[in-house]
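Please look over the sequence and the structure shown here before reading on. The paragraphs below then lead through the fold step by step.

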Amino acid sequence: MTTDVPTVRWGIVATGMISSWFVEDILLPEWPHKSANHIIQAIGSSSLDKCKKFANDFVTPTKPKVQPSLYGSYQEVYDDKDVDCVYIGTPHSFHKQNCLDAIKAGKNVLCEKPFTMNADEAEEVFAAAKEKGVFIMEAVWTRFFPAMQAVQKLLHEDQKIGRIIRMYCDFGLDIDIASLPDSSRYKDPALGAGSLLDIGIYSLTWGLVTLAGAVGDKAEEPEVSSTQTLSHGVDTSSSVILKYPSTGRQGICTSTTDFNRGGVSFARIEGSKGHIVVHGGTAASPSKIEFFPKEEGAKPDVWEFEKPGRGFYWEADAVAHDLKAGKVEDERMPWKETLRMMEIMDGVRKRGGAKFPVDKW
Ligand SMILES: NC(=O)C1=CN([C@@H]2O[C@H](COP(=O)(O)OP(=O)(O)OC[C@H]3O[C@@H](n4cnc5c(N)ncnc54)[C@H](OP(=O)(O)O)[C@@H]3O)[C@@H](O)[C@H]2O)C=CC1
Ligand SMILES: O=C1OC[C@@H](O)[C@H](O)[C@H]1O
């Protein structure tokens, strides 16, 4: 890598699971197509002790040139003049306020998915970012995987499967919610618990990118129908049907916290000339693509994609390039795409569905 690549000095907000995954990844020395440098400049937590432990566990072992500033609050991260971009890794229901606070301090922001609890909150955050002129993006890391880019190219540029007809995608996790403390973000509706916002968002992401062929303002709005299964006010399964009026393309995007098929194919996209199957540990992290031509006996084309760690560095690299270019939104994950997703999920949650007997957990 040449020396004129961009460098981002990150301020990490919250020290939970996702923050550790993000930090571990962006501190790796190398990854395929690495195009930026990343420094953990500051870490903020509800507790200074948690913050120190996080730094000891995930930053110190990498022997960084810069030692991060450690704070027992999030506000100190927002106020740190050496931080270029704040990464927000709190539960969903805090995203709106965390984003607004970071923006108020003039900070660029990468905020975990789902961006907010609903589209109204997302609008509020984007309006604040627009007024302040700062960059902000929902951290839908899957959109930045080389395998995702390859699927988009095969479908929409190379037209490998011909006329796109339909797709399905599933994300299943087997979570024993009953055994979790009431304060868990998988259990507490106030923290945004539910399969749709947590993992259904990935299935829907595949639906949008494979069926629409464009993102943001350039993408057509799908018609949406859906149902959910709820227990204790938390959706444990969600099924969403997308239909694109101008082409008749259809997608079925499902998610559940009740069943996990394991690391198998999670998506199939069918067309007039064949179909594509996408594989990965989950629908969040695609690692292999197969193209099956329609002709009987024809051999499939197979593409495999390497990644050290988990794959969070590609979204981080994209942010680095956006900041260097002075952009306020990313072209692969523009604000309109987040709003479209939030509006679709608002509709699904409003429609709801069947209730489990309350004694399910
Ligand atoms: N992109 C991806 O693959 C993934 C994304 N996510 C997203 O990241 C977000 C956080 O998820 P995850 O890391 O699993 O969550 P965790 O519960 O592991 O961590 C959340 C952290 O947020 C802070 N926090 C502040 N207030 C609260 C509160 N009332 N209850 C709990 N935590 C609080 C805490 O950090 P502290 O005490 O240090 O302030 C806590 O450690 C979610 O929005 C989720 O959707 C999650 C997993 C994977
Ligand atoms: O985004 C996510 O991907 C991985 C899952 O384990 C997690 O629940 C979810 O938040």
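What follows moves from the domains to the core, then to the ligands, one set of strands and a few individual residues.

The model is a predicted one, and every statement below should be read with that in mind. The protein chain is divided into domain 1, which takes in residues 7–140 and 312–333, and domain 2, which takes in 143–307 and 342–360. Taken over C-alpha atoms, the centres of domain 1 and domain 2 are separated by 26 Å. Where the two domains touch, domain 1 contributes 20 residues and domain 2 contributes 18 residues. On the side of domain 1 that touches domain 2, helix 4, helix 5 (119–132) and helix 8 (313–324) each supply at least two residues, and the largest share, three residues, comes from helix 8. By class, this side of domain 1 comprises twelve nonpolar, five polar and three charged residues.

From the domain contact we can turn to the interior. In soluble globular proteins, nonpolar side chains tend to be buried together. Here the largest nonpolar core has 94 residues, and those with the most contacts inside it are Ile-43, Val-86, Tyr-87, Val-109 and Ile-136. Helix 7 (residues 195–212) provides the largest share of this core, with eleven residues, and the core draws at least three residues from each of domain 1 and domain 2. To see what surrounds one of these core residues, consider Ile-43: leaving aside residues up to four places away in sequence, Ile-43 touches Ile-12, Thr-15, Cys-51, Phe-54, Ala-55, Pro-68, Leu-70 and Tyr-71.

Thr-15, just named as a contact of Ile-43, appears again beside ligand 1. This ligand is surrounded by 22 residues, of which the closest are Ala-14, Thr-15, Gly-16, Ile-18 and Ser-45. Helix 1 (17–26) and helix 4 (92–104) each give at least two residues to the shell, and at least three residues of the shell come from each of domain 1 and domain 2. The composition of the shell around ligand 1 is mixed, with nine nonpolar, eight polar and five charged residues. Around ligand 2, by contrast, the residues are Leu-173, Asp-198, Ile-199 and Ala-284, which divide into three nonpolar, no polar and one charged.

A set of paired strands deserves a closer look, with strand 10 (residues 250–256) as its reference point. Strand 10 is mostly covered, since five of its seven residues are buried. On one pairing, seven bridges join strand 10 to strand 7 (residues 164–172), and these two strands run parallel; within that pairing, Arg-166 stands opposite Gln-250 of strand 10. On another, seven bridges join strand 10 to strand 9 (residues 234–243), and here the strands run antiparallel, with Thr-256 of strand 10 as the bridge partner of Ser-237. Strand 9 and strand 10 form a hairpin with six residues between the strands, and in this hairpin Gly-248 takes a positive phi near 75 degrees.

Beyond strand 7, the chain enters a loop that leads to helix 7, and Ile-175 is placed in that loop. Is Ile-175 buried or exposed? Because 20 other C-beta atoms lie within 10 Å, Ile-175 counts as buried. Apart from residues up to four places away in sequence, Ile-175 touches Tyr-186 and Thr-257. The C-alpha atoms of Ile-175 and Phe-259 are separated by 7.8 Å, although these residues are 84 residues apart along the chain.

Finally, some backbone details in other loops are worth locating. Lys-113 and Pro-114 are joined by a cis peptide bond with omega about -15 degrees, and Pro-114 lies in the loop between strand 5 (108–112) and helix 5. His-33, in the loop between helix 1 and strand 2 (37–44), has a phi near 65 degrees, a positive value in a residue other than glycine. His-33 counts as exposed because it has 10 C-beta neighbours inside 10 Å. Lys-63 lies in the loop between helix 2 (48–59) and strand 3 (69–71), and its phi, near 50 degrees, is likewise a positive value in a residue other than glycine. With 7 other C-beta atoms within 10 Å, Lys-63 is exposed.

Key:
Residues are numbered from 1 along each chain as its sequence is written. Chains are lettered from A and ligands numbered from 1 in the order in which they are written. This is a predicted model: local features need pLDDT of at least 70, side-chain atom pairs count only at pLDDT 80 or more; totals for chains, interfaces and linings use all residues. A residue is near a molecule or strand if its C-beta atom, placed from the backbone, lies within 6 Å of it. Helices (H or I, at least four residues) and strands (E, at least two) are DSSP runs, numbered from the N terminus. Ala, Val, Leu, Ile, Met, Phe, Trp, Tyr, Cys and Pro count as nonpolar, Asp, Glu, Lys and Arg as charged, and the others, Gly among them, as polar. Domain bounds come from an automatic or database domain assignment. A residue is buried if 20 or more other C-beta atoms lie within 10 Å of its own, exposed if 12 or fewer, and partly exposed in between; C-beta atoms are placed from the backbone. Two strands pair if DSSP finds at least two bridges between them. A nonpolar core is a set of buried Ala, Val, Leu, Ile, Met, Phe, Trp, Tyr and Cys residues joined through C-beta atoms within 7 Å. Two residues are in contact if their C-beta atoms, placed from the backbone, lie within 7 Å.
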